[in-house]
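Colleague: Could you walk me through this one slowly? I am new to reading structures, so please explain the terms as we go.

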There are 2 protein chains.
Amino acid sequence: MRFGLDVMGGDFAPSATIEGAISALDSIGEGNRIVLLGPEDLIRKELVDRGVGEDRFDISHQPDCIAMDEKPLKALSEKPDSGIAAGFRMLAQGELDAFASAGNSGAMLAGAVTHLKCIPGVIRPCTCAAVPQEEDGAYSVLLDIGTTPDAKPEVMVQFAVIGSIYAKYVLGYADPRVGLMNVGTEDGKGNLQCQSVFPLLKECPHIHFIGNMEPREMFKNRAEVIVADGFVGNILLKEVETFYRLMQKRGISDPLFDRMNYEIYGGSPILGVNAPVFLGHGISSPLAIRNMLLQTKRMCDQGLTEALRKLFAAYVQESEA
Amino acid sequence: MRFGLDVMGGDFAPSATIEGAISALDSIGEGNRIVLLGPEDLIRKELVDRGVGEDRFDISHQPDCIAMDEKPLKALSEKPDSGIAAGFRMLAQGELDAFASAGNSGAMLAGAVTHLKCIPGVIRPCTCAAVPQEEDGAYSVLLDIGTTPDAKPEVMVQFAVIGSIYAKYVLGYADPRVGLMNVGTEDGKGNLQCQSVFPLLKECPHIHFIGNMEPREMFKNRAEVIVADGFVGNILLKEVETFYRLMQKRGISDPLFDRMNYEIYGGSPILGVNAPVFLGHGISSPLAIRNMLLQTKRMCDQGLTEALRKLFAAYVQESEA
């Protein structure tokens, strides 16, 4: 398999991306290759500086770069020779099996939707985060974490379905429980959005819905899939990151809280499109880049995209029936 | 002044409420009285058990009690001799200067609106929480924390106005800064609600609006007033409480995080109605009850209701002009 990495993506690129890619080599698997997309000279120099032979990687020369603050669609069309634009093109043409970047997240989302398209039946792609649980070193998946604020009820149901498949294939849960993040646990609680989506989740045959849950249950091994609107999910995740950083700053270390470090997962997959894509955190460190690549590999190994396609084919058939 | 306390309100009533009331006596001020509303025999027994003379308090015999899970409006009309119903009646008639309860929050809100009415110009009352800041031992105010999910833009602007008055009069800030809780700091970010309220906040002459803020800035002394929808505010607050409790459970102590303990403030005022009302946390401990009473006293001492009335009179005049 060939995993594409946008060398120029992220605040600390290219040194953090190259270092992360090097550190992922030991776990990327026999016969698999990391394809570095970026300015060739720069990549070679970074590798030489670190005493790493360039034969360890494939290099795809992309002289251009989409900056963090560029307008996504405009940048994608005007910079076909950037890592992000080329990554999606190569992925769509089968020259890559997966693509990852810690660069411009808008461009990553736009590229995923325009080049790869949504899996038939998926209304909108989504992004997710891993939330550490108190017991068993477990992680749950929180989604959506920002792709779709003001998500319609039918889109939120799809978050639940996609999250369940992710929890099953990538996190290894046989029968993941789905909770709806809300301000109370009783049926009928919450804002209009939660009230509308609740009955749809209850009826959905593809998930194991356990009802509403409150933030206090977020780390309590209560649900493996935590569903929220893109606005609320983003706020929840950013508050977790805030606490983690405050603790680091204040010199507090703790096995549970330490697992809130984004570097452990390195970012978020873009779920619901026709190929494995991973969106790294803007501030990605080499460790985060390494873990982003290994998560991407895991998505490929576990056949996540295929599983999503299969389920949504059934989903579409049912809605048409 | 006379501060009414619903003796039967809260999960640990009446022992926690009586103990809290006793511990507040030393700070309640010369000439002020705490009025205990509840079953007379029970109150007397609790006082005797603790060796406290009943002359230290005024007792208002209310034999009935509204349970935590009763339907608010029904309970208020069917139980006029409950602490909550009587408290609002006495407050409306001037027999009390303020009223506090850690009981049924729906009944407290309904009682406040039906008995006291909103201050002219206020569309809906709101509730708020104190959020500790990293520097100077400061607290900011977060509102709304649950009264109004799906708040309309004009209601959210009123949260900002009410929060600013609260920050000025109760927290002592001369010129409190207002931030809109959002998923990004740039103008135009967020869900439809944030996008709609942003320009209204920018134009509002009664507040010092500094723009959008993210959860990472929540503890950073960036804004003294943090505005959110009742749904989002409740989620944010519950996540803070979750972290505080996780830390307690895991034996971690830290000056900043310890200030996230709800007991320090004891609950939330109900802001925007015609008299000072305080809603305690359901799980209120004696310390929380004590601090709830002292916060209530502070609201009275600082003339918060009068200040709100004055500002909203100007506000109404402007909207009519």
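Modeller: Happily! A residue is called buried if 20 or more other C-beta atoms lie within 10 Å of its own, exposed if 12 or fewer, and partly exposed in between, with the C-beta atoms placed from the backbone. This is a predicted model, where local features need pLDDT of at least 70, side-chain atom pairs count only at pLDDT 80 or more, and totals for chains, interfaces and linings use all residues. Residues are numbered from 1 along each chain as its sequence is written, while chains are lettered from A and ligands numbered from 1 in the order in which they are written.

Colleague: Which residues are buried in α11(B)?

Modeller: Helices (H or I, at least four residues) and strands (E, at least two) are DSSP runs, numbered from the N terminus. Helix α11 of chain B covers residues 304-320. Its buried residues are B:Leu304, B:Thr305, B:Leu308, B:Phe312 and B:Tyr315.

Colleague: How many degrees around the axis do they cover?

Modeller: The arc is that of the directions from the helix axis to the C-beta atoms. An α-helix has 3.6 residues a turn, so residues three or four places apart point the same way. The buried residues lie on the same side of α11(B) because they cover an arc of only 85 degrees.

Colleague: Which exposed residues does the face turned away from the buried side of α11(B) carry?

Modeller: Here we look at the face of α11(B) turned away from its buried side. The exposed residues there are B:Glu306, B:Ala314, B:Gln317 and B:Glu318.

Colleague: What do the buried residues of α11(B) pack against?

Modeller: Packing here rests on contact, meaning that the C-beta atoms of two residues, placed from the backbone, lie within 7 Å. The partners, both in chain B, are α6 (153-169) and α10 (286-301).

Colleague: Which helix gives the largest share of the side of chain B that touches chain A?

Modeller: In total, 27 residues of chain B are in contact with 27 residues of chain A. The largest share of chain B's side is 11 residues, and they come from helix α8 (residues 230-249) of chain B.

Colleague: What relation does the rotation that superposes chain B on chain A show?

Modeller: Copies are superposed by least squares on the C-alpha atoms of residues with pLDDT of at least 70 in both. Chain B falls on chain A after a rotation of 180 degrees with 0.0 Å of shift along its axis (RMSD 0.0 Å). That is the relation of a two-fold axis.

Conventions: The expected span of a helix is 1.5 Å times one less than its number of residues.
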